Every structure is written in structure tokens, then in C-alpha cells.
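This briefing goes through one structure by topic. Please look over the sequence and the coordinates before reading the points.

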Amino acid sequence: IDEQLFFKKLNSLCTSKEIFDFLSSLEVMSDTMASGALQRISEVEVDDNGLKNPEGVLENEVFRALCFQFEFESSKLSNTGLLNALQALIKLRIDPQSTLMASLLSEGEGRLGKGQLTVKNLCALGESLLELECPSCATLGQIVNHMQEKDIEKWSPREMVMVYKILQVTVREGEQYQDLLNRMNSVTLTIVSQLNPEFTSVILNSLVVLHQTRAVPLVTALCRHSVKHIPYFTGDELVNVLEAFLYFGHREQMFTEALETHVPEAIFTMHPQTVSKVMHYCCRKMILSKPIFDAVAEAFISNADRFTTDQIAESIVPFGTLNYLPPSAPSLFRKLETILYTRFRHFQPHTLLNLLHSCVLIQRYPVNFLPKIFSPYFLQQLQAQPPGLDRIVTAQLTRIFLTVTLECPFYEGPKLLPKYQVKAFLMPHSTLDVHLLKRVKTGLLYLLKKRIYFSSEVSTPYFYTVDIEIKLDEEGFVLPATQSEEVHSRIALCVDGQNRFCINSHNLLGEEAIKQRHLQLLGYEVVQIPFFEVENLQNCRKMAEYLHKKIFPHTYGLSC
């Protein structure tokens with residue numbers, strides 16, 4: 001039978017029985033046809049759970065006869081027949097230690113050593129080795145060495161992807177192929193538009209694993225190219241792409257918009273790992289996407305039992321970090337409370353602390369779990385696991401304690417011992433916009449005439465640092481900042497630069513929102529000075545006029 005007709009007929013068959021009956025009707029077929037038949041059997045009989053009908057395939061006489069021929073006549077096979085058969089048998093879960101597999105692998109490695117394999121053959125052998133649980137890194141290294149001698153510009157996208165995958169393994173083992181990678185990165189940049197969703201994801205993942213931080217043009221091109229593939233990525237592929245965006249620090253507005261369209265449509269069919277990775281991406285990039293957050297909240301309410309404890313935390317923490325309550329918040333946090341009751345001991349200590357800390361940021365108080373959180377046993381668990389009781393962890397504990405003290409006066413359970421409390425919340429330096437603070441201080445000086453009437457970056461007894469503090473007497477007159485007597489009220493100016501808000505948003509981050517809430521509860525009159533209200537004020541006088549209206553809206557006679 002003509003090979004073209006053979007493969008046309010073979011590809012129309014949908015069960016192994018049909019394929020075996022077809023093969024039985026043939027008197028002669030080439031090794032390429034025989035290996036093609038094995039590949040087709042693997043396509044129809046293997047799914048995510050493995051071989052559907054092991055006995056019906058592996059015990060079939062035709063199948064056994066094919067395997068016998070491949071095992072004992074491996075030296076007579078063409079490169080294509082040999083390597084296609086090897087790939088198919090690996091997919092069919094044939095024991096790698098069997099004499100059949102050992103014969104085919106040995107023959108393939110022998111031809112590799114003699115330099116008899118084409119680029120396509122090399123990639124097929126490499127793919128087979130990667131599918132095995134314990135690939136020979138030495139053999140993979142030989143494949144890469146042979147590939148280096150080939151003309152990279154003539155590689156197909158599939159061949160390029162396979163070499164990236166092989167390099168992930170060989171470079172981990174200490175082999176260095178940076179010169180080859182540089183050439184590959186340059187050529188890949190020219191074919192980005194040809195890459196399908198799978199190839200785009202694999203290459204981005206390889207660039208992460210291989211630490212290709214200098215391949216900025218390629219990373220940028222791949223990230224932009226990935227936008228059109230978002231509806232077509234598998235869950236694992238989308239996770240790889242999101243991890244690449246995070247690793248390389250890339251942000252693409254069109255990518256976010258594509259996610260906002262795709263996630264709400266696909267949320268109920270997405271794997272929890274994909275859902276949690278999308279939320280983790282939004283959290284790290286400070287992207288408050290209400291369509292995504294609302295959809296994730298609905299999905300969590302319905303499918304929370306499918307989530308691992310880490311996935312639960314990754315999905316919920318962004319709501320607190322980015323200071324957002326979805327419309328379904330009551331149901332969402334009732335579901336979370338139920339999960340905490342039933343699976344509390346399954347959470348790792350630091351994961352649990354992150355989760356509960358995020359809840360208090362948005363006024364969801366985990367009072368029923370605080371006795372366990374403040375218990376010596378739990379604190380010892382935190383201490384025993386990295387990062388231990390470092391400053392970030394103790395700040396989270398302190399903020400939960402302060403929240404309960406100020407906002408839950410009915411709580412009568414155990415308290416957080418002073419030795420576990422920080423003396424002050426040290427906000428990351430990036431959250432203080434020094435340039436904006438300087439402009440506000442200059443405006444205040446213009447307004448109040450003397451520098452003695454306000455102080456900046458003031459530490460309080462309540463863990464927080466106030467950006468600018470102004471003291472007033474009982475009649476509302478401004479007092480010198482150093483005066484401690486006859487102080488009737490204090491004004492806390494929160495000078496909020498862009499880094500205190502979600503990206504491209506006027507929504508304060510959770511830690512900033514809780515700070516302002518707590519300062520009010522501690523007796524301060526909080527006045528927010530957000531960047532977007534002052535960025536267009538042209539001069540010192542206009543800033544002073546703005547501050548006058550914000551700080552002293554009912555006071556007259558403060559001439560500028």
C-alpha cells in the first residue's frame with residue numbers, strides 16, 4: 001500500500017481495534033508506517049489518566065508482533081521509524097527498563113554518537129529522553145552539542161522549542177551554553193509571530209528557568225505576543241506565562257485587559273492553580289481588576305473545596321492587599337470561615353498568618369481564630385519555619401493585635417505578648433513619595449509661615465509613622481510642633497503618592513487604608529493628600545491654597 005494512502009486511512013481510525021484490524025489486512029509495511037501506527041494507537045488510547053485499555057492494547061497479537069520487530073531489528077530501522085516508535089512507546093507507558101526500550105534507546109544513542117541524526121531526529125530523540133523520568137543528561141548534552149553545529153536560522157519553531165526544553169535540564173546540571181542561548185534568543189525574536197500558545201509558553205518558561213534576564217527584546221516580544229493567545233492557553237501554559245511576567249518584571253496593559261475578558265468567561269472551568277496564579281499575579285503587580293476579583297470570588301464560593309490551602313491563601317490575600325471587597329463579600333468570607341473551621345490544622349503557619357492579616361486589612365475580623373494565633377504553640381510554629389519571626393511576620397501579628405484592640409473591643413481572648421510586637425511599622429521606603437512630601441512641606445511652609453508649626457515623619461506610640469503632623473490647641477490655633485502641653489487635637493496628613501495606590505487607580509492599598517483608619521480611631525484628624533489631587537498644581541501658592549482648603553476648610557483669615 002502507498003504510504004500516503006496508508007496514513008490517510010490510519011488517521012481516519014478512532015480505536016485501537018480498528019487500527020489492529022487494518023494492520024492485520026496488510027501483507028507488508030515499512031518501518032515508518034509501523035511506527036506511525038504505534039503513534040496513532042498512542043493518540044487514541046492515551047489520555048491524562050494513562051492508557052485507557054492496557055490489556056486490549058499491550059496483549060494484542062499485532063501490537064506484540066510490531067514490538068518484536070522493533071526490538072530485534074532496531075539496527076535496520078530508518079531514523080524516522082526508530083525515533084517515532086520510541087516516542088509512541090514512551091507515550092504508551094512501556095517500561096523504560098524493558099529490553100524493547102533498551103534496544104531502541106541504545107540504537108538511538110549509537111546513531112547520535114556517530115553523527116547520523118538530522119536536526120529533526122535530534123529533537124525527536126531529545127523529546128523522548130525528556131519524557132523519561134530519569135533522562136541521561138550526558139546524552140542530552142550530546143544532542144545540544146550536535147545542535148550547536150547546525151544552522152539555527154533553519155530550525156523550525158518546534159525544533160527551537162525542543163532545544164530550549166533540553167537546555168533547561170542540561171544547564172541545571174552545570175553545563176553552560178550561553179553562547180548558544182544568545183544565538184537562539186536572537187533567532188527566536190524573528191519568529192515570535194509564528195509561535196502558537198504552547199510554544200510561546202514553553203519558551204517563556206525556559207527563559208525563566210535559564211535566567212535569561214538580558215534577553216529583554218525577546219521577553220518583551222513574547223509577552224506582547226502572548227496577549228492574543230490568552231483564550232487558548234491551557235491552565236499550565238497560562239501559569240508559565242504569568243510566572244514569566246512576574247520574573248522579568250514585565251507589565252502589559254493589553255495583557256491585563258485580555259485577562260479581564262477571559263477569566264470571568266472561563267473561571268468555572270479553570271483549575272484552582274490557574275485561578276490562584278492569576279490572583280497572585282494581580283497582587284504582585286498591584287492590579288485591582290474588579291472583573292477578575294469579582295469572578296474569582298464567585299468561583300471560590302462555589303468551588304473552594306477544590307483549592308489547596310496555599311491556593312486558598314493566594315486567592316484571598318489579594319483582596320486585603322489591594323483593599324477591595326467584591327459584591328459577594330458576605331458569602332465569600334462566610335465560605336472562608338467555614339474552610340478555616342474545617343481545615344485550620346492543614347494550613348502552614350505563615351500561610352495562615354498571611355491570610356488572616358489580609359482579612360483585617362478590609363475589616364473582616366477573624367476573632368474566632370485569634371486565640372490560636374496568639375497562642376504560644378502557634379508562635380513557636382512560626383518561629384520554627386522560615387522566615388521565622390522576622391520583622392514582617394511580627395508586624396503582621398502586631399497589626400492584627402492592634403486591629404482587634406481598636407476595632408473589636410468585645411474580644412476578650414488572649415493578647416499578643418509585647419515581646420512579639422514591633423515598636424513601629426516600617427513601611428517600605430518606596431511607599432513614601434519623597435518628592436511629593438517635599439512639595440507638600442513647601443506648601444505648608446508658605447501657608448503657616450514658619451517651619452516650627454509642623455513636623456514630618458513623626459513616630460507615634462501606636463506603631464505608625466505619620467507623614468506630617470500638625471498640633472492644635474482647644475481654640476483651633478496651630479501650636480509649635482515641639483509643644484506637648486495644651487494640645488487639644490492632632491492632624492495627621494497622609495501624603496499618598498502613586499505607590500500607595502493600586503496601579504492606574506485611586507484605590508488605596510490595604511496597609512495604607514488600615515493605617516488611616518487606625519489613626520482616626522486613635523484620635524487623629526486624618527487628612528489625605530493624594531497625588532492625583534496635587535500633581536497639576538503649578539506653584540507653591542496653589543499648593544498652599546489647596547492645603548488650606550483641605551486642612552482648615554472652615555477657617556478664614558489664613559492669608560496666603
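The points below cover cysteines, salt bridges, one loop asparagine, empty space and backbone geometry.

The model is predicted. Across the whole structure there are 15 salt bridges, zero disulfides and one cavity of 30 Å³ or more. Backbone features include a cis peptide bond from Pro386 to Pro387 and positive phi values at Met286 and Asn504.

**Cysteines**

- The search for disulfides covered the whole structure and returned zero.
- Cys408 takes part in no disulfide, and the nearest cysteine sulfur, which belongs to Cys359, is 12 Å away. A disulfide needs two cysteine sulfur atoms within 2.5 Å, so a separation of 12 Å rules out that pair.
- Cys408 is buried, at a relative accessible area of 2%.
- Cys67 is buried too, because its relative accessibility of 11% falls under the 20% limit.

**Salt bridges**

- Lys17 pairs with Asp21, and their closest N and O atoms are 3.1 Å apart. Both residues belong to helix H2 (residues 16-24), where a spacing of four residues amounts to about one turn of the helix.
- The two ends of this pair fall into separate exposure classes: Lys17 is exposed, with a relative accessible area of 57%, whereas Asp21 is partly exposed at 44%.
- Glu107 and Arg111 form a salt bridge with 2.8 Å between the closest N and O atoms. About one helical turn separates Glu107 from Arg111, because they are four residues apart in helix H7 (residues 99-113).
- Glu107 and Arg111 are both buried.
- Elsewhere, salt bridges with shared partners link Asp467, Asp496, Arg500, Glu512 and Lys515 into one network.
- Arg64 and Glu59 are joined through their side chains, with an N to O distance of 3.6 Å. Arg64 counts as partly exposed because its relative accessibility is 48%, and exposed requires over 50%.

**Asn60 and its surroundings**

- Asn60 sits in the loop between helix H4 (54-58) and helix H5 (61-72).
- A polar atom of the Asn60 side chain lies 2.8 Å from the backbone nitrogen of Val62.
- Leaving aside residues up to four places away in sequence, Asn60 touches Phe20 and Glu55.

**Cavity and pocket**

- Rolling a probe the size of a water molecule over the atoms shows where empty space is left.
- The largest cavity has a volume of about 40 Å³. Its lining is made up of Ile267, Met270, Val275, Ala299, Asn303, Arg306 and Phe307.
- The second largest pocket holds about 530 Å³ of space. There are 19 residues in the lining of this pocket, and Gln87, Ile90, Lys91, Arg93 and Glu131 are those nearest its centre.
- Helix H3 (31-45), strand E1 (46-47), helix H6 (79-91) and helix H8 (119-131) are the elements that each give two or more residues to the lining of the second largest pocket. H6 provides the largest share, with four residues.

**Backbone geometry**

- Most residues other than glycine have a negative phi, and most peptide bonds are trans.
- The peptide bond from Pro386 to Pro387 is cis, with omega near 5°. Pro387 is in the loop between helix H22 (376-384) and helix H23 (391-407).
- Met286 is not a glycine, yet has a positive phi of about 55°. Met286 lies in the loop between helix H16 (272-284) and helix H17 (290-303). At 24% relative accessibility, this residue is partly exposed, because the buried class ends at 20%.
- Asn504 also has a positive phi, near 55°, and is likewise a residue other than glycine. Its place is the loop between strand E6 (489-496) and helix H25 (510-521). Asn504 is exposed, with a relative accessible area of 70%.

Terms used: Residues numbered from 1 in each chain as written. Predicted model: local features only at pLDDT ≥ 70, side-chain atom pairs only at ≥ 80, totals over all residues. Heavy atoms only, no water. Buried < 20%, exposed > 50% of the residue type's maximum accessible area, 1.4 Å probe, protein only. Salt bridge = Lys/Arg side-chain N within 4 Å of Asp/Glu carboxyl O. Polar contact = N/O pair within 3.5 Å; in protein donor to acceptor, adjacent residues only side chain to side chain. Contact = heavy atoms within 4.5 Å. 1 Å grid on protein atoms, 1.4 Å probe; cavity = no way out; pocket = protein on both sides within 12 Å on 5 of 7 lines; lining within 4 Å. Points joined across faces, edges and corners; volume = space filled by probe spheres on them.
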